Structure formats: C-alpha cells, structure tokens
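Student: Could you help me see how labels such as "buried" or "edge-to-face" are earned?

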Amino acid sequence: MPCSCGNWRRWIRPLVVVLYILLLLVVLPLCIWDMQKSGVGTHNKAWFIAGIFVFMTMPISLWGILQHLVHYTQPELQKPIIRILWMVPIYSLDSWIALKYPRIAIYVDTCRECYEAYVIYNFMTFLLNYLENQYPSLVSMLESQEQQRHLPPLCCCPPWPMGEVLLLRCKLGVLQYTVVRPVTTVIALICQLCGVYDEGNFSSTNAWTYLVIFNNISQLFAMYCLVLFYRALREELSPIKPVGKFLCVKMVVFVSFWQAAFIALLVKAGVISEERTWEWESVEAVATGLQDFIICVEMFLAAIAHHFSFTYKPYIQEAEEGSCFDSFMAMWDVSDVRADISEQVRNVGRTVLGRPRKSYFGEDPGDGERSGLLSSGSQDVVTEAVSNPVSPNGQYQGLGRTLPPHSASAPAGLGSAPWDEGYEAGLEETAEEEERTSQSEEPTEADLIVIT
C-alpha cells in the first residue's frame, strides 16, 4: 500500500539526510583506504579531490529533486524539471567513476552523453507544457505576430511561417538530437570494440573525429531551435524566467563538449604530450582524465545554479495531495518521450515540408487519432491524472501563485478572480441574448399562423 499518509512530507527529508550522512561515513573511509593501498600518486590525488566536489554536489542536487517530489503539484511542469535536475548527479558520478577507472570510461560516458540529449528535449517539453496550459490558442496567437527571421548563420534562409510550422519545426529540431546522440554513442561503442575510435585524438583515420563533428552539428541545431523558439515567444514565457534555466542547460551541455574538444586540441598541439602522463597509460587517457576531473568540479557550480533556476518554491501549495510513491514513480515515466518520437517519425516529412496536419490543433474528437506534438501535452496531462493526482488548487503561475483548474487557460499575469468574473458575465450575457431571441421569435410564428 503506497504511503499516502499526510505526514510523509515531514519525515521523508530528514530520512534522506540521515541516509546520505551514513553513506558518507561508509564511502569516505573506503576512499582513504584505497588511496593508502595503491599509493598517493597524482592520479589518486585528482580522484580524491574530485570526490570531495562530487559529495558536495550530490546533496544540493538531490535536495532540489526531493523538494519537487514533496511538492509535486504540477506534474506536466515538474516532471521535465526533475529530469533536468538529474543531469548534475549523473554527470558528476559518471565523471568520478571514469576518472578512477579509465579503461571503462568510454562505456560509462555513454550514459552521460545520452542523458545530455534527454535534458535538452525535456527543457523544450517544459516550455511547451507551460504554454499549452496558459495559452490554449497558442498557434492563432503566434500567427498574428510579426514574422520571426532566422538568426546568423542561417539568416539567408527563408523564414519559417509563424504558427504551427514554426512550433513543430522547432520541436523537431530539438527532438532530432535526442535520436542522433544515442545512435552516435552506440556507433562509438562499436568503433571502440573494433579499435578504430581513438578518443581525444583529432585524426582523419579514426572514428572519434567524425562523430564529434556530426554530434556538434546536431547539438548546435537543437540549441538554435531552442533560441528561435524563445525569441518568438519571449513575452509569453517571461513569467517562468526561462533565460536562467536555458543558460543552466546550455552551459552544462556546451561547456562539457567544447572543453573536451579544447583538451583534444592541446593533445594535438603537443601541450599534453607523452613526456608526462603521470599514472595514466597514454596521453589520450590523460586528456580524458583531465576532462572528467574538470567536470566533477564544474558540477558543483552547476548544482548551485540549478538549485536557484529550477526552484520548487512556485509549486508549494497549502493543501497538497498525492502519495510519495506516486510522486517517485512519476519520475521514471517516459511514455511522453515514446509518444513524441513515434509522432515525429510518422509526420517528419510533413513537418519539414511545412505542411503539418491540421488535426494537430483543434482535432475532431471523433477522429480517434492521437493529437500532434503540441497537443501531446494534453494527453500527458490525462496520463498524469491517472497515476498522479494533481492538486485541486490549479495551474502554475509563478512566484508561488496558482490559478484554479477552470481558469487554466488564462494568460499568465491575469488574476483568477477577474478572469472568472468575466467568464461568468459572458455566460450570463449569452443566456440573456438567447432568451431575447426566443421571445422575439414567438410572435413571428403566431403572426404566420394568423395570416395562414
């Protein structure tokens, strides 16, 4: 039976803190013992220092994730946020393990690289879900705005039509990296087993150089689509302050990638050479180890930035419902990702050609088909409602305020009371107009009977 008792929010956080302290009491002596056994060399010193940063990073990130689970009141917004927050612990632990065991670095880094694409996708999902809740007529509103031109270096390309085409192409541009990155990672593993990967060495004879170029192009295009999407909807997204969130995601993804490329250039230029590899087997292993060490340090700073940018405070509500088990299980649900990928595969041709199906928006309920990419948020909400009861207090509005469920379509910045009054007044006017129409029609029918 899930722990749905109302006081679980009080004891879950102290429990996690105690468990983490016990983990430190076990892991720290083991690390010191391992250093004494294998000798205190440069490699072990780097691994121990990196471990200090890792164990400072973990509580900051896990605390933010735990707080979102405790105050899990807006699943359609908090689910992608929780996935983004997991990026820092995954990057940190992955790099620390790869630093200790360089032979398995290529296999461990696979998780990090795949999750990188997953994070970019979830950031786009977060923005779209917010817009769908606040602006049900988003496409019509976007079509009435000024045409958004491409940014350099694509400024010479014809602009994407405002409205449905722009939204779907931006979504496709982000989603393509979610598919490309895991595929190239699998290719890298195969090349490593065949002995032709040669990570960290720019050369025309290895696979690493070509995969780096291809991944970079795919990643840059995904980020470009995110920037174009933000520019088109800057005012509508302003209540959730997306710039800080975007910089957090962009800096972690881009800095780690270009950092690896810069270190590889230092190896190519001979700055990092075979003359001094410390305890590493080769100069390429030194380059990989240096990258992992720097990431462990950087993730501590990233954890602090994520804590403030993706804060849980706007989602705190007075009367919160739901069980801790439901909140925890919702974190692992990836049905929305599968649905989006399958939808894009079926309709990628129409999206690229600028002829998306009109059923994406305002689809006839009798159609029986799944709504499109931007309509997928509504399906996710239905899915979430089955497993994760949403708080009756309503939708996210930022700064700790929420809107009632029936006024979820009110644009951000409008209070719920004026919106509700206007809605009710509109209903009253419609009823009065219908009554007047029916009264005016009755004498007309009577006159016709008399004339006959």
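Tutor: Let's go through some labels together, keeping in mind that this is a predicted model.

Student: What makes the pair of Phe53 and Phe300 edge-to-face?

Tutor: A pair of aromatic rings is described by the distance of the centres and the angle of the planes. Phe53 and Phe300 have centres 6.2 Å apart and planes at 65°. Rings pair if their centres lie within 6.5 Å, and planes over 60 degrees apart count as edge-to-face, so both conditions hold. A search of the whole structure finds 6 aromatic pairs, and this is one of them.

Student: Why is this pair said to tie together parts of the chain that are apart in sequence?

Tutor: Phe53 belongs to helix H2 (residues 42-70) and Phe300 to helix H11 (residues 283-309), so the pair joins parts 247 residues apart in sequence.

Student: Is Phe53 buried, exposed or partly exposed, and how do you know?

Tutor: Its relative accessibility is 22%. Buried needs under 20% and exposed over 50%, so Phe53 falls in between and counts as partly exposed.

Student: Why are Tyr115 and Tyr118 called edge-to-face?

Tutor: Try the same test: their ring centres are 5.4 Å apart, within the 6.5 Å limit, and their planes are at 65°, over 60 degrees, so the label fits. These two tyrosines are 3 residues apart in helix H5 (residues 105-134), which is about one helical turn. Both Tyr115 and Tyr118 are buried.

Student: How do you know that Lys100 lies over the face of Trp47?

Tutor: Lys100 is 4.5 Å from the ring centre of Trp47, and the distance limit is 6 Å. The charge must also be within 35 degrees of the ring normal. Trp47 is also linked by ring pairs into a cluster with Phe55 and Trp96.

Student: How do you know that Cys225 is in no disulfide?

Tutor: The nearest cysteine sulfur, that of Cys170, is 5.3 Å away. A disulfide needs sulfur atoms within 2.5 Å, so Cys225 does not qualify. The whole structure holds 0 disulfides.

Student: What makes Cys225 buried and Cys111 exposed?

Tutor: Cys225 has 0% relative accessibility, which is under 20%, so it is buried. Cys111 has 52%, which is over 50%, so Cys111 is exposed.

Student: Why are H2 and H4 called roughly antiparallel?

Tutor: The axes of H2 and helix H4 (residues 87-100) come within 9 Å and cross at roughly 165°. Angles over 145 degrees count as roughly antiparallel, so the name follows. H2 passes H4 in a left-handed crossing.

Definitions and conventions:
Residues numbered from 1 in each chain as written. Predicted model: local features only at pLDDT ≥ 70, side-chain atom pairs only at ≥ 80, totals over all residues. Heavy atoms only, no water. Phe/Tyr/Trp six-rings, centres within 6.5 Å; stacked < 30°, edge-to-face > 60°. Helix = DSSP H or I, 4+ residues; strand = E, 2+ residues; numbered from the N terminus. Buried < 20%, exposed > 50% of the residue type's maximum accessible area, 1.4 Å probe, protein only. Axes fitted to C-alpha atoms, helices over the stretch in contact; angles between N-to-C directions. Parallel < 35°, antiparallel > 145°, perpendicular 65-115°, else oblique. Left-handed = near helix turned anticlockwise from the far one by under 90°.
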